[in-house]
Amino acid sequence: MIRCVLFDLDGTTIDTNELIIESLQHVIGRHCGKPLTRDEIIPRMGGTLIEQLRHFAGREDVDELAAAYRTYNRARHDERVTLFPGVLDTVRRLHEGGLDIGIVTNKSRDTSAKVVDLFGLRPYVRSIVTLEDVERPKPHPEPVLKAMRELGAKPEETAMVGDSPYDLLAAKEAGVTAVAVGWSLKTRDVLLEAGADRIIGAMEELLDICGLAVGGRE
């Protein structure tokens, strides 16, 4: 029985996909003179910003690029970012069903807090583990394990919901159920290869996984 659900943010609960792609294209194009395509960017989405910038810029020192990325991204964030369908209602129903809910993300602490508040998720979330809260971000299991400790959750009672191999690999290494979202920009084969136990086509399908659908605990 699943009693704890951990959610990724970007690409899973909040639709930041196009903003991330646009921001990377802008920064790498302007500062490095390298045009990036969507096909080049998508496989790297889910990792930390610094990892992505180092890969695309081809250098270690990317502090200036990171600052430029954040400036561009934040200026457009609120008008470009939305919740994926069914997220808020599903999270609310999980909470009302007695499940513990956490956020496990490679986003920074300030931007994570911003979106959690912006989209009304705060009342339902008991743990938020961000990039600054761990030494080793996803795909390492440390963020998932930290969230479980904070929530007092057992691996066999926990599901991690994500859109990228970074989420799924972290989930598998932590010993929890790995749930991939079908609206990921990654292909189904990529998600399965990364260890997805389930691929859901709508967020509401989590209610069934957690025993909260009709005939379950509701």
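How much space lies in the largest cavity of this structure? About 460 Å³. Keep in mind that this is a predicted model. I'll take the cavities first, then some charged pairs, then one helix.

So, cavities. A search of the whole structure turns up two of 30 Å³ or more. Start with the largest. Its lining is made up of 29 residues. Which of them lie nearest its centre? Those are Asp10, Ile20, Tyr69, Asn106 and Lys107. Now the elements. Three helices each give two or more residues to this lining: α1, residues 17-32; α3, residues 49-57; and α4, residues 63-80. Helix α4 gives the most, with five residues. What about the chemistry of that lining? By class, 14 of the residues are polar, nine are charged and six are nonpolar.

On to the second largest cavity. The space there is about 30 Å³. You can find the lining by picking out Phe7, Thr13, Val91, Ile101, Ile103, Leu121 and Val125. How does that lining divide by class? Six residues are nonpolar, one is polar, and none is charged. Put that beside the largest cavity, where the lining includes nine charged residues.

Next, charged pairs. Side chains of opposite charge can pair when their charged atoms come close. How many salt bridges does the structure hold? The count is 18. I'll show you a few.

First stop, Glu60 and Arg54. Their side chains meet in a salt bridge, at 3.6 Å from N to O. Is Glu60 buried or exposed? Glu60 is exposed, because its relative accessible area is 58%, over the 50% cut-off. Arg54 is partly exposed, at 36%. Arg54 also falls within the 49-57 range of α3.

Next stop, Lys114 and Asp78. This salt bridge is 3.4 Å, N to O. Which parts of the chain does the pair link? Distant ones: Lys114 is in helix α6, residues 109-118, and Asp78 is in helix α4. The two residues are 36 apart in the chain. Both ends are partly exposed, Lys114 at 35% relative accessibility and Asp78 at 46%. Remember α4 from earlier: the helix that gives the most to the lining of the largest cavity.

Third stop, Glu96 and Arg92. Here the closest N and O atoms are 3.0 Å apart. Where do these two sit relative to each other? Both are in helix α5, residues 87-96. They are four residues apart, which means about one helical turn separates them. Glu96 is exposed, with a relative accessibility of 55%. Arg92 is partly exposed, at 27%.

One more on charges. Asp8, Lys138 and Asp167 are joined in a network of salt bridges. Hold on to Asp167. It takes us to the last topic.

That topic is helix α8, residues 165-174. The helix is mostly covered, with seven of its 10 residues buried. Which ones? Pro165, Tyr166, Asp167, Leu168, Ala170, Ala171 and Ala174. Asp167, then, is a buried residue of α8 and a member of the salt-bridge network. What covers the buried residues of this helix? The cover includes helices α3, α7 (142-151) and α9 (188-193), plus strands β6 (158-162) and β7 (177-181). Helix α3 appears here as well as in the lining of the largest cavity. Now look just past the end of α8. Gly175 takes a positive phi there, of about 80°.

That's the tour. Thanks for listening.

Conventions:
Residues are numbered from 1 along each chain as its sequence is written. This is a predicted model: local features need pLDDT of at least 70, side-chain atom pairs count only at pLDDT 80 or more; totals for chains, interfaces and linings use all residues. Side-chain values use heavy atoms; hydrogens and water are left out. On a 1 Å grid over the protein atoms alone, a cavity is a set of points where a 1.4 Å probe fits but cannot get out, and a pocket is an open set with protein on both sides within 12 Å along at least five of seven lines; lining residues have an atom within 4 Å of a point. Grid points are joined across faces, edges and corners, and a volume is the space filled by probe spheres set on the points. Ala, Val, Leu, Ile, Met, Phe, Trp, Tyr, Cys and Pro count as nonpolar, Asp, Glu, Lys and Arg as charged, and the others, Gly among them, as polar. A salt bridge is a side-chain nitrogen of Lys or Arg within 4 Å of a carboxyl oxygen of Asp or Glu. Buried means under 20% relative accessible area, exposed over 50%, partly exposed in between (1.4 Å probe, protein chains only). Contact means heavy atoms within 4.5 Å.
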